[in-house]
Amino acid sequence: IENPFMLLTFFHVIIAGIFTERRQCYAIAAFASILLGTLAWFESTGVLGHHCLHARFPDAQELLFSAHGNASVASWVGATCSFLFLAAYFVTTIAERVRSDEKRLEEMANRTRAEHRLLEKSLETTLAGLRVVGKDLQDRMASRRWMEWFGTGGSPRERSEDLAARSTLADGVVRTTEIVIEDLCGNELPSRPFAPRGRVLQVTTAPLLDAAGAIGEAVQLAQD
């Protein structure tokens, strides 16, 4: 029982605490404690021989090993078993907290996806398009109807909805603008290949504030 490799039992308890339930981890710690206590009892009673490295003590005539002293064996086994259960407690507590956080994050992600689908259906029902744009004027989120009306391709000049978003991101003022899908000649704009002809849209642009109260993004709502 004086073998330093006996401490490797801690790794089994730690691994069990990470990948198994609390009850199973405590069962493994108890099983390791029983094995350790049985080994110590067999060595102290002479059922198993105690092997040592005599080469380290070439001049010694008689050696007294701690494995042959009942008090020393009891204290060593008791301390080791206590540490095994303490390791099981701390590891399982941390692992359960991590699993709880992962489950909560998964629930939040599912709720966010459900809310996004509900918002998308609501916008489709009310015939409105929605877009969230960042300071780089790149879409963070755009509904299907917004994509149908305004498209995704760029144009030689900056689009009207981007001009409104740029201004709102700069000064934080809520703006309401009207955007005509067609040009003055009645031709469809190249950047809006899916837009219906002759449609006038009212676009409301408002700033979105971050946790620090600064303008981080802008939201745009387009209605026919």
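At what angle do helix 1 and helix 3 pack, and how far apart are their axes?

**Entry 1: helix packing**

I worked throughout from a predicted model. I began with helix 1, which covers residues 9-19. Its packing angle with helix 3 is about 25 degrees, and the two axes lie 8 Å apart. Angles under 35 degrees count as roughly parallel, and helix 1 and helix 3 are therefore roughly parallel to each other. I also noted the handedness: helix 1 passes helix 3 in a right-handed crossing.

I then turned to helix 2 and helix 3. Their axes come within 10 Å and cross at roughly 170 degrees. This makes helix 2 roughly antiparallel to helix 3, since the cut-off for that class is over 145 degrees. For the contact of helix 2 with helix 3, I recorded 15 nonpolar, seven polar and two charged residues.

**Entry 2: salt bridges**

How many salt bridges does the structure hold? I found eight, and I looked up several of them individually.

I took E96 and R22 as one case. These residues form a salt bridge in which the closest N and O atoms are 3.0 Å apart. E96 belongs to helix 3 (residues 70-125) and R22 to helix 2 (residues 22-45), so the bridge ties together parts that are 74 residues apart in sequence. I checked the accessibility of each partner. E96 has a relative accessibility of 31% and counts as partly exposed. R22, at 24%, also counts as partly exposed, because the partly exposed class lies between 20% and 50%.

Next I looked up E217 and R140, whose side chains meet in a salt bridge at 3.6 Å, N to O. E217 is in strand 5 (residues 215-223) and R140 is in strand 2 (residues 139-142), so this pair ties together parts that are 77 residues apart in sequence. For E217 I noted a relative accessibility of 26%, which counts as partly exposed. For R140 the value is 44%, and this residue is likewise partly exposed.

I noted further that R131, D139 and D162 are joined into one network by salt bridges that share partners. Within this network, the side chains of R131 and D162 meet at 3.0 Å, N to O. The pair links distant parts of the chain: R131 is in strand 1 (residues 128-134) and D162 is in helix 5 (residues 160-171), 31 residues apart. Are R131 and D162 buried or exposed? I recorded both as buried.

**Entry 3: cysteines**

I searched for disulfides and found zero in the structure. I then checked the burial of two cysteines. C25 has a relative accessible area of 0% and is buried. C81 is also buried, with a relative accessible area of 14%, because the cut-off for buried is under 20%.

**Entry 4: T168**

Where is T168 placed? I located T168 in helix 5, the helix that also holds D162. T168 is buried, with a relative accessible area of 0%. I then looked up its relation to L208. T168 and L208 are 40 residues apart in sequence, and their C-alpha atoms are 9.7 Å apart in space.

Notes:
Residues are numbered from 1 along each chain as its sequence is written. This is a predicted model: local features need pLDDT of at least 70, side-chain atom pairs count only at pLDDT 80 or more; totals for chains, interfaces and linings use all residues. Side-chain values use heavy atoms; hydrogens and water are left out. A salt bridge is a side-chain nitrogen of Lys or Arg within 4 Å of a carboxyl oxygen of Asp or Glu. Helices (H or I, at least four residues) and strands (E, at least two) are DSSP runs, numbered from the N terminus. Buried means under 20% relative accessible area, exposed over 50%, partly exposed in between (1.4 Å probe, protein chains only). Axes are lines fitted to C-alpha atoms, for helices over the stretch in contact, and angles run from 0 to 180 degrees between N-to-C directions. Angles under 35 degrees count as roughly parallel, over 145 as roughly antiparallel, 65 to 115 as roughly perpendicular and the rest as oblique. Ala, Val, Leu, Ile, Met, Phe, Trp, Tyr, Cys and Pro count as nonpolar, Asp, Glu, Lys and Arg as charged, and the others, Gly among them, as polar. A disulfide is a pair of cysteine sulfur atoms within 2.5 Å. A crossing is left-handed if the near helix is turned anticlockwise from the far one by less than a right angle, and right-handed if clockwise.
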